[in-house]
Amino acid sequence: MKSRVLIALLFASSSLLAQTQPVIVAMKKPTLRIGKLSFKDLNQNNKLDKYEDWRLPASERAKDLVSQMTVEEKLGFMLISTTRMGGDQVFANGVQGGGPKTPITEGFNEEDLVQTTNMFTRKPLGAPNMSAAGTTKGVTQYHLRHFILRANASPEIMAKWSNNLQELCESTRLGIPAIVASNPRNHVTTDASVGLSVGVTAFSKWPGELGLAAMRDFDLTRKFAETASAEWRSVGLRKGYMYMADLATEPRWGRVEGTFGEDADLASKMITEIVLGFQGAKLSPSSVAMTTKHFPGGGPQVDGQDSHFDWGKFAHYPGGMFDYHVKPFKAAIAAGTSAIMPYYSAPKGKEFEEVGFSYNKAMIGDLLQDKLGFHGIINSDTGPIEMMPWGVENISIPERYKKALHAGVDIFSGAADPTTLIEVVKSGLVSEERINQSVAKLLQEKFDLGLFENPYVNVEDAVKTVGNKEAVAAADLALRKSIVLLRNDDKRLPLAKKTKVYFETYFQSGRNAGGEAIKVSKPTYPGLEFVSTKEEADVVLLWLVPTSGGLFSSQGSKIDLNLSKNRIDVNHVNEVLNTKPTIVAINYTNPWVIEEIDKGKATSIIATFGTTQEALLDIVTGTYKPTGKMPFTTPVNQAAVEANKSDVPGYMEGPGYGLFAFGHGLSY
């Protein structure tokens, strides 16, 4: 890190509020000394403005700064878009996978990314959309200060890049710092698509969200959130686009993997621990601000189709359980979540206006803000203005901005060019007073996080913090606690010492044509002998990883949860089951239907939710006795899936629906 002015006067009292002098770090702007106290002179007027005075309440500081900002600065501040590090090709060529893989550096990507095609539906856009701006241009010309980082880089590179970005921001007229957000970075996940999860990174590696819920250990859940929060802060990530308070009541929905299951009470407890762990009791310099999503619950999608796509634009409530889906958001509000993100979906039914939730005043203004009392930031999901304008397709983009602002949205995700939004205000479609309300909320978050005093990170500390031994030990425990023993009819588990094991993993992502689906593992594990063929084995351990191919592979066709429809060769599985005593482990990203292999031979079944080979082996040997419980109900067959009521959890669907019930889990 470059040399900097560092002033840390501890325990100094202020004549205003007797607060402790925070650490002040200035790279580009001078500092002011008032008595024994220090402040940053961010606008370089050689006097202490209210927004520079850390002794004042965040609301007062925000009001002062809003009064000094131009319309252009305010409206750039109301956009959050992808930012790309040097060499980062995410979304290049207008697709999820991006362009050619190049080394990622701490430098800036100065290329604008303009898309003419909807990256999700793959259909032409009505007008070109700049989804990412060249970094320097975005900060200095468009006045962007909210960014989504999607790159998977080393802690050292991320920390250096973060400092470079903050130095650029500090050099501008008012010295307003950036806030960098990310999707989850700490989970084992099958679908690590851009916008959902970054997947396995240098950060500590925990179970998927369903696995965290399967643990039923709320202390360890809090430990996870506190650990991840420290890792994130160390590299400069101060905002999480997470976690999902949505409920997995529609088993076909492509985002079940990111939920905490089907039960509103369990999800509420999980969200509470997550928010308090990442943020603390209130936002502070020790917080990562949470963006709880997707209000009022993205689970009850018609036929399980997702509202990233026009064929999945509607949510519905055939069981009359709308309030059930709102319950986890109430818990998030009570825990103090900094922001809430509405989903793209439009509610289907006469009692609601059939427009996307970001446009729906009854949902945001009336319900979320007035009735539920949420006064934090309303952050749109990525692209409802340009790509997913469900219910408002026939009105202009300026009118869409107007409707969303009227509904209560404070910050728009997915666009990096504020030109149209500036025109919306200058033409009188939306008042500057309404804009000021949103900008003040966004500024307060930054003041509370301490970013105006010190947005910089210590690169050496980042390297030491991310994935440290304590974090890995806690994560390893969680990986084991997340595993559920579903069936042990023959008492085959735990395996006896000296058992000869043939260990086969079956996973075909579908992304590489002709790729090998079966992987045979021969790990070194105390007490077991791993063999090369099933003929040599006493027992086969068969780990199935079904997948639809990922959310963004959807074509709108009917969703079938049978294993054979999700890249599993059931003939191969049944051949194994009929040849040797077999333990079947199944990774659940949805409540899979296992009827095709459950024909009397599948007497030993384990459920995983994003874990490691080592953790699975600890369970099958009894080194760690299984304690996990199912976070959702698995349907008995596809007919039950298709007859389900999308807003009703499986355990309420009635007799005959479930094979493995919510909360089911055995031990030794």
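**Exercise 1.** Which residue of E12 stands opposite Ser182?

Solution. The structure is a predicted model, in which local features need pLDDT of at least 70, side-chain atom pairs count only at pLDDT 80 or more, and totals for chains, interfaces and linings use all residues. Residues are numbered from 1 along each chain as its sequence is written, and side-chain values use heavy atoms, with hydrogens and water left out.
- Helices (H or I, at least four residues) and strands (E, at least two) are DSSP runs numbered from the N terminus.
- Strand E11 (residues 179-182) pairs with strand E12 (residues 239-240) in the parallel sense over two bridges; pairing requires that DSSP finds at least two bridges between the strands.
- Across from Ser182 stands Gly240 in E12.
- E11 and E12 belong to a barrel of eight strands, closed in the order E5-E10-E11-E12-E13-E15-E17-E18 with parallel pairing.

**Exercise 2.** Check the length of helix H7 (residues 264-279) and describe its surroundings.

Solution.
- The expected span is 1.5 Å times one less than the number of residues.
- For the 16 residues of H7 this gives 22 Å, and the end C-alpha atoms are 22 Å apart, so the two agree.
- Twelve of the 16 residues of H7 are buried, meaning under 20% relative accessible area (exposed is over 50%, partly exposed in between; 1.4 Å probe, protein chains only).
- Among the buried residues are Leu266, Met270, Ile274 and Phe278.
- Their cover includes helix H5 (209-215), helix H6 (218-235), strand E13 (289-295) and helix H8 (322-335), where contact means heavy atoms within 4.5 Å.
- At the N-terminal end, Asp263 caps H7, with a side-chain oxygen 3.3 Å from the backbone nitrogen of Asp265.
- Gly280 follows H7 and has a positive phi, near 85 degrees.

**Exercise 3.** Is Asp410 buried or exposed, and what does Asp410 touch?

Solution.
- Asp410 sits in the loop between helix H10 (397-407) and E18.
- Its relative accessibility is 2%, so Asp410 counts as buried.
- Leaving out residues up to four places away in sequence, Asp410 touches Met78, Gly376, Ile377, Ile378, Arg434, Ser438, Lys441 and Leu442.
- The side chains of Asp410 and Ser438 make a polar contact at 2.6 Å; such a contact is a pair of N or O atoms within 3.5 Å and, within protein, one must be able to donate a hydrogen and the other to accept it, while residues adjacent in sequence count only if both atoms are side-chain atoms.
- Asp410 and Glu399 are eleven residues apart in sequence and 16 Å apart in space, C-alpha to C-alpha.
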